[in-house]
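User: Hey, can you walk me through how these two chains meet?
Analyst: Sure, let's pull it up.

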Protein chains: 2
Amino acid sequence: MRIIKSSQRLQRIVRQLRKKNKTIGFVPTMGALHEGHLSLIRKAKKENDICLLSIFVNPLQFGPREDFHHYPRPVRSDNLLAKKEKVDIIFHPSGKSMYPSGFLTTVEVAQLSDALCGRSRPGHFRGVTTVVAKLLNIVGPNIMYLGQKDAQQAIILKRMVADLNFPTTIKICPTVREKGGLALSSRNKYLTARHRQQAAILYRSLKEAKGKIKSGERRATAIIRHIRSRIEKMSAGRIDYVACVDARTLVPLQTIRGHVMLALAVKFGEARLIDNIIFKVS
Amino acid sequence: MRIIKSSQRLQRIVRQLRKKNKTIGFVPTMGALHEGHLSLIRKAKKENDICLLSIFVNPLQFGPREDFHHYPRPVRSDNLLAKKEKVDIIFHPSGKSMYPSGFLTTVEVAQLSDALCGRSRPGHFRGVTTVVAKLLNIVGPNIMYLGQKDAQQAIILKRMVADLNFPTTIKICPTVREKGGLALSSRNKYLTARHRQQAAILYRSLKEAKGKIKSGERRATAIIRHIRSRIEKMSAGRIDYVACVDARTLVPLQTIRGHVMLALAVKFGEARLIDNIIFKVS
C-alpha cells in the first residue's frame, strides 16, 4: 500500500496505471474510517484493478462554527484499516497543497445545494463539489463510490459529474447501520452512550413512515408530523429538519408519489446526525 | 478529419487515443476561424500527435443583451480551413447536448472574473470557465492553446486549471494582428470599413504607452490618460475601459512596475473590441 501526499506525484502514478490499462476505483473520505467506508472500499477493490482511497478533512465544506478542528483524524488506525482491506493507494494531501495561497476557483451545483442540509450549512456543498472536482482530476477514476447515508451529497455529485462531463461513473452503496439501526458515521464518536441509544429512533421513525406510506398514506405533512413526533417523544435530539422530497430533484412533495426520499437531520449535543430512506411509490 | 458532435463518442475516441499513448493538443474556439485561431492550430499540430479543435458558440458566456444570436457561424468555411490545416478532429456539439435540461453546475474563478471585461460583462467568465471545464473533461488534452488577445480569459483559465488540478498544460500564444495593428477577432466582421481603419489606434496607443513607460513614466493615471485621449481623438470608439494592472492578479497599479498589463475594451458600433499588451518593468 502506497501513501501519497503530493497531487502531482499521484497524477504521474495514475498516468502510468492508465497506460497499463488498469481501472481505478475511488473512495473519497475524510478518514475516521468505519464499516460504511470499508464497504465502499471492498466494492471498489472487487470491481477495479486498483483501489484508491483519499483521506482529506476538507476545510472548504465546514462552516465557521462547525467541527473542522475537532473532526476525528485517527491517521494510524485509518492506515491500518486500509491496509487490512488491501487498499492499493491512499491519497492523503495537506490542506495547504489542496488550497495554496491564491486559490480562487469554486464548483457549484445550484438548487440541489440549497435544499435540506444546504439550508443549515450554507456553502457546505460548494465545498464538497469543489474538492471532489479536484480529486476527480487528480485521481481520474473509472468509478467513484459514495455512501447512500449522504444521499444529498451523492445526488449533487452525480449532477456535477454529468454536467461537467467527468469521465467517471458514480456508484452509490447502501448505508451501513448498527444493530439498532443507527447509520454509521464518523460523527457518532461525539455521542454520549445515552444519546447513541436514543438516536436509534431516527432510522426507526423513517421505517415506520415508509410503512405508513406503503399502507396508503400519501400526505407528506402527516408523514413528517409522524417522524417529528416520534423523535421528539423518544429522544433528546433537536430536529434540524425532517423532509419528504422527490429523490431526484429534492423538491418537497405534498402528495407522496414517484421516487421518494424521507430525510432528516437531528442534533444530539455536538453531533449533527443525518439519515434517509429512498423508495418508489406508485 | 473527423467531425464529432457527441461528447460521449468523443470521450470514447479520446480513451482509445490515450491507450495508444497519443498526445492531444486542444484549441477551443467559437468558430469564425481567423489567422489567430490558425496560429494556435498550427502550434497544436506541431507539438502533439493529435490536433483537436472545438467549435462551440457557448450561450453561457453571452449576456442577455449581447450578440449570441448574431455571432458568426460560418460552419462550412470553418471546416474547410480546419481541413486545410490538417486538424485531426473537430468537436462540434449542439447547445442542447452541452446544456441539457436539468443542467445546474457552474465553475467560477473569484476576483479575476470581476475585473476588466468582467465588470461590463457580468457572468461572462463564469460561462467561459464552466464550458472549458466541460471541454477539458471531454477532450482530456495534454496541452490547451489559448490566444494572448483574450488575456484575462487566459489568466482565469490558468487559475482554474491549477486550482482544480486538471492534468492539462496551458500555452498562451501571441496575438495575431492585421498590418495596421488591429488584433484579429471574429467580431471585426461587425466593423464598418471606417471603424476598422480607426480601430488601429487601439494597438497603436498601447504601444505608445509602453514606450512612455520604457522611457521612465511610472504613473498609471498618466498612462491611462494618454491611451484614452489618443483613442478619443483618433476614433469614434466608445471606451468601455482602459486599465493598467498587474498581469497576474489583474489588480490596478498606481505605480507601474513588475508584470504589467495595459488592457482596453472599446466599442465601435455593434463591435466590442479588446486588446492588451503585457511586459515587464523593473
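**Chain B against chain A**

Analyst: Between chain B and chain A there are 18 residue pairs in polar contact, both residues at pLDDT 80 or more. A polar contact is a pair of N or O atoms within 3.5 Å; within protein, one must be able to donate a hydrogen and the other to accept it, and residues adjacent in sequence count only if both atoms are side-chain atoms.

User: What does the side of chain B that touches chain A divide into, nonpolar, polar and charged?
Analyst: 12 nonpolar, 10 polar and 5 charged residues, where Ala, Val, Leu, Ile, Met, Phe, Trp, Tyr, Cys and Pro count as nonpolar, Asp, Glu, Lys and Arg as charged, and the others, Gly among them, as polar.

User: Ground rules for the model?
Analyst: This is a predicted model: local features need pLDDT of at least 70, side-chain atom pairs count only at pLDDT 80 or more, and totals for chains, interfaces and linings use all residues. Residues are numbered from 1 along each chain as its sequence is written, chains are lettered from A and ligands numbered from 1 in the order written, and side-chain values use heavy atoms, leaving out hydrogens and water.

User: How many residues does the contact take from each chain?
Analyst: 27 from chain B and 27 from chain A, with contact meaning heavy atoms within 4.5 Å.

User: Switching topic, what rotation superposes chain B on chain A?
Analyst: One of 180 degrees, with 0.0 Å of shift along its axis and an RMSD of 0.0 Å; the fit is by least squares on C-alpha atoms of residues with pLDDT of at least 70 in both. That is the relation of a two-fold axis.

User: Which residue of chain B comes closest to that axis?
Analyst: V107(B), with its C-alpha at 2.2 Å.

User: And how do the two copies of strand 5 pair, parallel or antiparallel?
Analyst: Antiparallel: strand 5 (residues 105-109) of chain A pairs with strand 5 of chain B over 5 bridges. Pairing needs at least two DSSP bridges, and strands are DSSP runs (E, at least two residues) numbered from the N terminus. T105(A) has V109(B) as its bridge partner.

Key:
Helices (H or I, at least four residues) and strands (E, at least two) are DSSP runs, numbered from the N terminus.
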